[in-house]
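Open the model in your viewer and keep the selection panel at hand. The tour below says what to pick next and what is there.

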Amino acid sequence: MHLTGHIFRFSAILLLVLNGKAASQDLKNAPSEMMPSTISFNRDIRPILSDKCFHCHGPDEASRATELRLDTQEGAFANLGDYFAVVALKPDQSELIARIQSDDEYELMPPPETGKPLTANEVQLLTRWVSEGAVWDAHWAYKSPKRGKLPEVRDSSWGNNWIDQMVLARLEKGGMDFPGSNPIHPSPPADRTTLIRRIYFDLIGLPPTPAQVKKFVADPSENAFETVVDELLASPHFGERMAIYWLDLVRFADTVGYHGDQDHNIAPYRDWVINAFNQNMPFDEFTRQQLAGDLLPEPTVQQKIASGYNRLLQTSHEGGLQPKEYTAIYQADRVRNVSMVWMGATVGCAQCHDHKYDPFTAKDFYSMAAFFADVDDEKHFRVGTNRLPTSRPPEILIFKDRKSKQSYERTKLELQAINRKWKQAKAKREAGASQNQNDTSLSCSPEESLEALDKEKKLLESKLRALEKQGSWTMVTQALQQPRVTRLLPRGNWLDETGPVVQPNVPEFLGPLELGRRANRLDLANWLVDGDSDSGKLTARVLANRLWYLLMGVGISQSLDDFGGQGKPPVYPELLDRLALQLIDTDWNLKALLKTIATSKTYRQSSESSDWLRLNDPYNQWFARQSKYRLPAEIIRDNALAISGLLESSSIGGQSVKPYQPAGYYQHLNFPKRAYQHDRDLKQWRRGVYVHWQRQFLHPTLKALDAPSREECTCERPRSNTPLAALALLNDPSFVEAAKHFATRVLDESDDDFKTRLTWAFELSVSRSPTPSEVDVIESLYRQALSEFQSDQNAVNQISKIGDRAVDDPFDAELAAWTSVCRVLLNLDETITRN
Amino acid sequence: MNRVDSTQVNSVDRRTFLSRSGVGLGALALQSLLNQETSAASSDGINLDLPHHTPKIKRVIFLCMAGGPSHLETFDYKPELDRMNGNPMPESFTQGQPIAQLQGQQLRVQGHLAKFNRYGQQGQTISDYLPWHAKMADDICIIKSMVTEQINHDPAHTFMNTGTQISGRPSMGSWVNYGLGSETDELPGFVVMSSVGGRNPQPIASRQWSSGFLPSQFQGVEFNGRGNPVHFVKNPGGISSKHQKKLIDTICQLNQIRNRVSPDPEIETRIAAYEMAFRMQTAVPQLIDFADEPQHILDMYGAVPGDGSFATNCLLARRLAERGVRFIHLYHRGWDHHGDLDKYMKVCCRLTDQPTWALLTDLKQRGMLDETLIIWGGEFGRTPMFQGKGGVGRDHHIKGFSMWMAGGGIRPGISHGGTDELGYHSVDNIVHVRDLHATMLHLLGIDHHRFTYKFQGLDVKLTGVEPAHVVRDILV
C-alpha cells in the first residue's frame, strides 16, 4: 500500500535525522575507512585498544583475563614469559598481531562472543602501527597541555589570530591526515546580519533589535564586531546565558528530585552563578567558592551561597529509606558530578569496580567521595517534610539589602527576648496558681502581663514572618567537625562494611595529594584549578573545550563528557592545548577566552555548508564552517518574548518563576499533592533561565526542546527536532500570547499596508526583509484568516483571552489575523535557529 | 521491521537522503548505498542489524501496578506462612537483608489475608482478590520468583524501567522504539498513561518514561485520561482545525523556501515534524473518541470515556495497539499497602482486575494477543512480615515477588519459579529484572547482548553489565 510505504520512509527519515547524536555514534569509525599518512597513537590506535581490548586487558584488575594489559606502555611491551604482545617494528613476532589476524575462532582476538570484532581497517592500522615502530604515547587528556610552535600557513591573509592560523594550517593539509588530500578552503565570512544575530544568541541568549542590527551593518569601522563582542560580554544578560550551561553541568533544580520531589531552597545559588559570570570571576575562584566556600577563611555570605553547589544533588526523605544507603547514593552522585564537571571524567564508573577503560580505581572513587564526607546534610532524613518548600538544613536566609537584614535580625532578637519574658511569666503564673489557689488577689498581675506579652509575641512573630519573606532561604554547606567514615564499598554494596577505610584524595595516577593531614574540599578545589601544575591545566582543557563548544556548536574533542579513553580525541589537539593555556595565563579569564574565540575568523565563517563539506565533515570537526543549530529551550522562549515585547528583563536574578503550564501536569506528584499556579505578575514573562525546574516534571515545553531534568550532569544537550516540540511552539499559551503581543506591536508601530507591516515583523523576528514569495505565502494566510475572523467574533474573543497580559488595543479580526501571522513567524526554522 | 529498506530509499532523492542522514559514510559506503548493496539500516550509523532474529511480538503493553502489590495476596500461596502467623520471623530469613520501613522493629510473620484457589488446566494459584484473573489462568504465565535491587519506590521504578537506579538512563519503552522504530506516523511510539483512583498514591516521576541519553523522539509521551490528552495537542482557543492546518502549511512552505536559500537537512526534518504534529492533532481526538466502540466492549472493560480510570486506559491501550504504538505503559498507583492491606487490595483489585482481563480477552478475540506481550506487576513485592500502619499491612520487599506475562511467544497457563516456604526469598528459577528485560527484548527480536548505545564511552545496554538471561522456560 502506498501509504504504508510513505509511513515507513517517513519514520525512517525521522529516525535518521531527528537527532545528530544518534547518527553520530559510529562516525568515529568513518575516518578510519582511509589510511592516514602517519599513524598517531592517540588518534588512531588508543581508541581501538580502548574500545576493543581494554575491557579484558585494561585497568580493571578484576576483569583482566590474563597478565597482559594494553592500557599501559609497560604492560603492552612486557615480556610475558615466552612471548611478547607487541614487538616494535616486528609484527610477525607480536602476539597481538597474530591473534587479531587469526583464522582460528579460539585464537582470534577480540573473541567473537564479545560482539566487538575489529574491522579490516583496524587490523591494518594496528599492524602498521607495530611495523612502523609501535610508538606509544600517554593518553592525550592526561598529558600536560603544551604550547607548540604555531604552524606555517600558505595563505597568510586569512585569519585574525592564532586560532585561525592553527585551523587554517590544518585545512590547508586537507583536514584529516590522508595522503594526497586536497586543501580545504575555509568558508567565507557570514554576512553581517547573520553574524550579529549569532553573537547575540551566543553571548547573551537574546536577539538583537532591528536598530542594533542596522547599526552594526552600517558600521564601517574595523573593530565594529569587536565592539559588539565587548558590549555583550559586559551585558548583565551574559551571566544569564552562561548560567544556562553551568546549571546543566551542576544539575541545578528547584526540587529534590526523588520521590515527593518537593521544592527546596536554592535560588540564591543561581543568582550567585549569574553574578559570578557577569563579574568575570576567575574560574579558579569560581571553583573554590562552590566546592568549599564554607572552608574559606571567614567566609562571606556570597561564598556560603556558592557552597550550595554541594547541595544541588537529588535528595530524598521517603519514608522507609535507609540513611546509610542514601549516604552512599549521595556520595556517588557527588563524585560523578565533580569529576564530570571539572575533569570531564567518568569516575562514576569506578563505583563498583575499577574503571574498565581509564586508570580510575574503585579506591580512587571512594577517596574522592571522602572529600564530601564532611558535608553536613543528613538531618533531612529525619526532618525533611512534605511541605513546600521542604526542609533541607543547613540553610541560611539571604537578604537583598542590609536594611531588611538588620530589621529581620533585630526583630528576631526582640522576639527572643519576649519569648524569654513570656516563659518566665507563664512559669510564674503556673507556680502562682498552684501555690495560691485560694488567693485570687495575687494572681492578677502576672496573668495580665502574660496576656500582654502574648499579644506582643504574636505581633513580633507575624512581623518576623513578613520580614523573612523579603529574604530567601538557600541551602549551604557546613562542615562536620567529625567527617563520616568513608569505606571502599565492595561492588558498590552499601551493606558490605568489609572494605577498607579511605581518606580523601584525588585519583592516584593524577596525584596523589600528600598534605600530612586530612585533605578537604578546599584542597580538592585548589588541586582542580592549580594552574601551576598539571591538574589545573587538565581542568583548563576540559573547560576550554566546552567554551569552544558554546561558540562553535561542537567541541574540539566532541566528547564534552568523556576525556577518557572511550571519548573522542580532539581533532585539533594543539589548538585545544593553546586555548587551555590561555585560560591559565590569564588567571582563568573566561570572558577573555570567549572574546579570543569570537573575534577569530574561524568563528565568523558562514555556517552554510557545501555538499562536499556536509558529506566529508558532517559533524564539523574541521571547523571549515560555523555550525547551525536550533537554539536551546530557554533561549527559544526568551527570543519569542523579546520579539513580542513581553520579555521582562529589567532585573537580574530572583526566585524561580512559573510560566503557563497545562493543567494537571503535576497530577502524579504527591507528598504533598501539587497545585500549579502560574505567575500572574511580571514574573510570567521573565527569562527561561529562571523557570521553576521541577525535576520529575520539567515544564513540557522546555522538555520538548531538550532541556534536561538536571538529575545528572549534562554537558551537551541533544538537539532534537520532534512533533512534540512543534506542538509546544504552536500551541503553548506562552507562545500564542507572545504572537498576540507581537501582532499588536506590528499594528501599533508599523505603517498601514500589509507589506510594510510584514517587512517590519520580519525584521523583528529574523532581522531581514521577506522575499516576494514569502510575502505571497503569508499574505494568503493573512487574507484567509482575516475573512474567517471577520465572520467569527467568537473566535476573535477566544483568542483575545489567551494569556494574562491585557492587549491595549481593542482586539478585533485584524489583530487576530496578525496573531496568526506572528505565530507563523515565531515558528519559523530561521527564527529558532542560531546560524 | 527494518528502518528503511532499499526500495524505500529509492523513493527518496538519493542525494537528499544522504545529506539528510547526516552521516559521514565515507566514499565506499556511499558507493555501496547507491548500489543498494548495503541496506540503509546497517549503514545509517544509528546501529544495528535489527531485528536480530524473527520477532514473536510487535509491541509491549506493560501494566505497572505501582506501589508494589503483595505477591502473598495475589499469586504466591504459602501454607507455612499461615501456620507461622504471628510468630517472630526467623532471623535466618532476614539477617543482613535490606529492610525499608520495618527497620529496627520486631519482625513477625503475617499469614495470608486472602484465600487461594486453583484455576485453569495447570491449577494456577490465584487469590480471591482477583476473580477476573482466575478466568484467564490459562492465558497467563505467572513468574513467582522475581527479584529486584531497590527497596524504595522511586529508585525501584527507575530500576524496573531502566535496569539501573541511576537517573538519566533510557526507559525500556524508549529502548524498544530506538531499536525497532515506530509503526505509526501520527502517534508517538511510546505512550504512557497513569490512571486515577485507588488510595493515596505514591508519586510517579516522568523519569520513568524518559529517553535518557537516547534521542528525545524516543521519550514516552504521557496521554492524560482526563482533560487534554496530550500537552499542546489542542489548538489554541478560537483556532479552527482548518485554520491550524493552513497555518502549519504556511510554516512549512516558508521553511521550504528557506531551505532553498540555505539548504539544511534540519529544515526538512522540521517540516516533517510539523506535518506529523498536525496529524497528531487529528489522530489523538479520534483515538480518545469511543464513539466507534459498541456498548458491550465498553461494558467489558468498564470504561467510561474521559474518566481517567484504569479501565478506560486499558481500552485506550488496545486502541493504541491497533494504531501501531510500539510500547504502551499503564500505571495504576495505590498498591503500597503498609497498612489496611485488605481494604486497599479490594480497592485496587476492583479497579484493575476486570479491565486487565478485558484487555487480554479483547486482544485475544481480535487476534492481536499473539503479536502483543502483556506484562503485569509492580516495582517490588511485599514482606511476609507484618506491618501495622493502621490495620494489617506489609512492607516493601525485593527478594521475592510475582509478576505475569502473556501473549506472543509466552507459554500460557503456567507458573514459573518460586519462593521459599515463607515467600521471602526467590529460590527456584530466580528471575531478575534484567532477565525480564532480556526476555522481553528477545520476544521483540532483539538480542540484549548486542543492543547497545554508546554513552560516556560505554556501550550501554538495557540489561546492564551484570549477567542477564532470556527465561527460555516460559517461552513457547
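**Stop 1: a strand in chain B**

Select strand E7 of chain B: B:Phe327, B:His329 and B:Tyr331 on one side, and B:Ile328, B:Leu330 and B:His332 on the other, are all buried, so both faces are covered. Buried means 20 or more other C-beta atoms within 10 Å of the residue's own, exposed means 12 or fewer, and C-beta atoms are placed from the backbone. Helices (H or I, at least four residues) and strands (E, at least two) are DSSP runs, numbered from the N terminus. This is a predicted model: local features need pLDDT of at least 70, side-chain atom pairs count only at pLDDT 80 or more, and totals for chains, interfaces and linings use all residues. Residues are numbered from 1 along each chain as its sequence is written, with chains lettered from A and ligands numbered from 1 in the order written.

Now add strand E1 (residues 59–65) of chain B, which pairs with E7(B) in the parallel sense over 6 bridges. Pairing requires at least two DSSP bridges. B:Cys64 stands opposite B:Tyr331. Add strand E5 (residues 190–195) of chain B, also parallel to E7(B) over 6 bridges. Here B:Ser194 stands opposite B:Tyr331.

**Stop 2: a helix in chain A**

Go to helix H31 (residues 772–790) of chain A. Its buried residues include A:Val777, A:Leu781 and A:Phe789. The buried residues fall within an arc of 130° (directions from the helix axis to the C-beta atoms), so they line one face. On the other side, A:Asp776 and A:Arg783 are among the exposed residues.

Conventions
Expected span 1.5 Å × (residues − 1).
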